[in-house]
Each structure stands twice: as structure tokens, then as C-alpha cells.
Amino acid sequence: AWSISVGSDRSAYGPKSHLTSVIYTWGDFYSDIARQVMAGSWMSEAVWGGLAAGMTDISPLNPAVPAEVAELVAARKAEIVEAKRHPFEGPILDQSGVEKLPDGATMSDEELLGMAWFVQGVEGTIPQ
């Protein structure tokens, strides 16, 4: 079974089955917030820092990933960083094939926060 982990690079735990990891690199963000708190200038706000902000990334792809797929991943990542593509742009179907987001639409922050379903092709369940 293939896997993708979230939080940090976990390829060492499944080198033959681990495809990549979503990596959170929030150290600089947390340091900036701590400085703001100490200075008394911090204000609560929603933060959606992603690839372009350097707050998320992906680990190197498993060598088993075909070269053309690795190239596609690199191209899509560049498009997201350059704001030419939204990572949650329709059409998006859920596991049962129901359209959750129509072609060309993007998910709002509120929809992303409330997303309690997996996209088509993802195996697993979300506890209710």
C-alpha cells in the first residue's frame, strides 16, 4: 500500500511505500508571533500561509514515482506558488463520486475548514 504522510517527512518509516509527505515549516511564523506577543502588538487572525509563504512543502518523492508524474507534481507545485492554480479547484468529487465542487470553482476558507470528507481515490474514513 502506498502512503502520504502529513506533518513531517516520514519516508524513513516506509521507504518502499511512502510516496511523499506534507511538511509544515512554521518555525519562523511561530517566532514572529512570539515577538509580536512580547511587543504587545499581536492580533488574532486567520493565517493561510502555504507553499508560497514557505509554511508548507512536500518532501522528496519516492524514487518509485514515475518521472512524468514527478514532473507533473513539480509543475503543479510551481503553479500554486505562482498563484496560477488553487489547490482546491473543481471539479472535485468525494469518495462516492458525488461532485462537491463544480468545475472551475474554488473552495472558500470556511469550506476548507469544514471539509469532513475525502476526495475521490483516497481510501479511509473520517470518524464522525
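Biologist: What makes the pairing of the Ser-5 and His-18 side chains a polar contact?

Modeller: Happy to explain, and please remember that this is a predicted model. The label applies to a pair of N or O atoms within 3.5 Å, where one can donate a hydrogen and the other can accept it. Between the side chains of Ser-5 and His-18 the polar contact is 3.0 Å, so the pair falls within that limit.

Biologist: Where along the chain is Ser-5?

Modeller: Ser-5 belongs to strand β1, which covers residues 3-7.

Biologist: Why is Ser-5 called buried?

Modeller: A residue counts as buried when its relative accessible area is under 20%. Ser-5 has 12%, and therefore it is buried.

Biologist: Which residues does Ser-5 touch, leaving out those up to four places away in sequence?

Modeller: Ser-5 touches Arg-10, His-18, Thr-20, Ser-21 and Val-22. His-18, the polar partner of Ser-5, is thus in this list too.

Biologist: Let's move to Asn-62. Is Asn-62 buried or exposed, and how do you know?

Modeller: We use the cut-off again: under 20% is buried and over 50% is exposed. Asn-62 has 8% relative accessibility, so Asn-62 counts as buried. Asn-62 sits in a loop, the one between β3 (56-58) and α2 (67-81).

Biologist: What does the side chain of Asn-62 reach?

Modeller: It reaches the backbone oxygen of Pro-15, at 3.1 Å. Pro-15 is also one of the residues that Asn-62 touches, and the others are Trp-2, Lys-16, Ser-17, His-18 and Leu-19, again without residues up to four places away in sequence. His-18 turns up here, just as it did among the residues touched by Ser-5.

Biologist: Which label does Ala-83 get from its relative accessibility, and why?

Modeller: Exposed needs over 50%. Ala-83 has 69% relative accessibility, so it counts as exposed. Ala-83 is in the loop between α2 and β4, and its phi is near 60 degrees, a positive value in a residue other than glycine.

Biologist: What is special about the bond that joins Gly-90 and Pro-91?

Modeller: That peptide bond is cis, with omega at about 10 degrees. Pro-91 lies in the loop between α2 and β4 (92-93).

Biologist: How do you know that the span of helix α1 agrees with its number of residues?

Modeller: The expected span is 1.5 Å times one less than the number of residues. Helix α1 has 13 residues (27-39), so it should span 18 Å, and its end C-alpha atoms are indeed 18 Å apart. Just after α1 comes Gly-40, with a positive phi of about 75 degrees.

Biologist: How many helices and strands does the chain have?

Modeller: There are 3 helices and 5 strands, and along the sequence they follow the pattern β-β-α-β-α-β-β-α.

Biologist: What share of the 128 residues of the chain counts as buried?

Modeller: The buried share is 14% of the 128 residues. Ser-5 and Asn-62 both carry that label. As for the surface, the chain exposes about 9300 Å², with carbon and sulfur atoms supplying 58% of it.

Key: Residues numbered from 1 in each chain as written. Predicted model: local features only at pLDDT ≥ 70, side-chain atom pairs only at ≥ 80, totals over all residues. Heavy atoms only, no water. Helix = DSSP H or I, 4+ residues; strand = E, 2+ residues; numbered from the N terminus. Buried < 20%, exposed > 50% of the residue type's maximum accessible area, 1.4 Å probe, protein only. Contact = heavy atoms within 4.5 Å. Areas by Shrake-Rupley, 256 points an atom, 1.4 Å probe, with all protein chains shown as cover.
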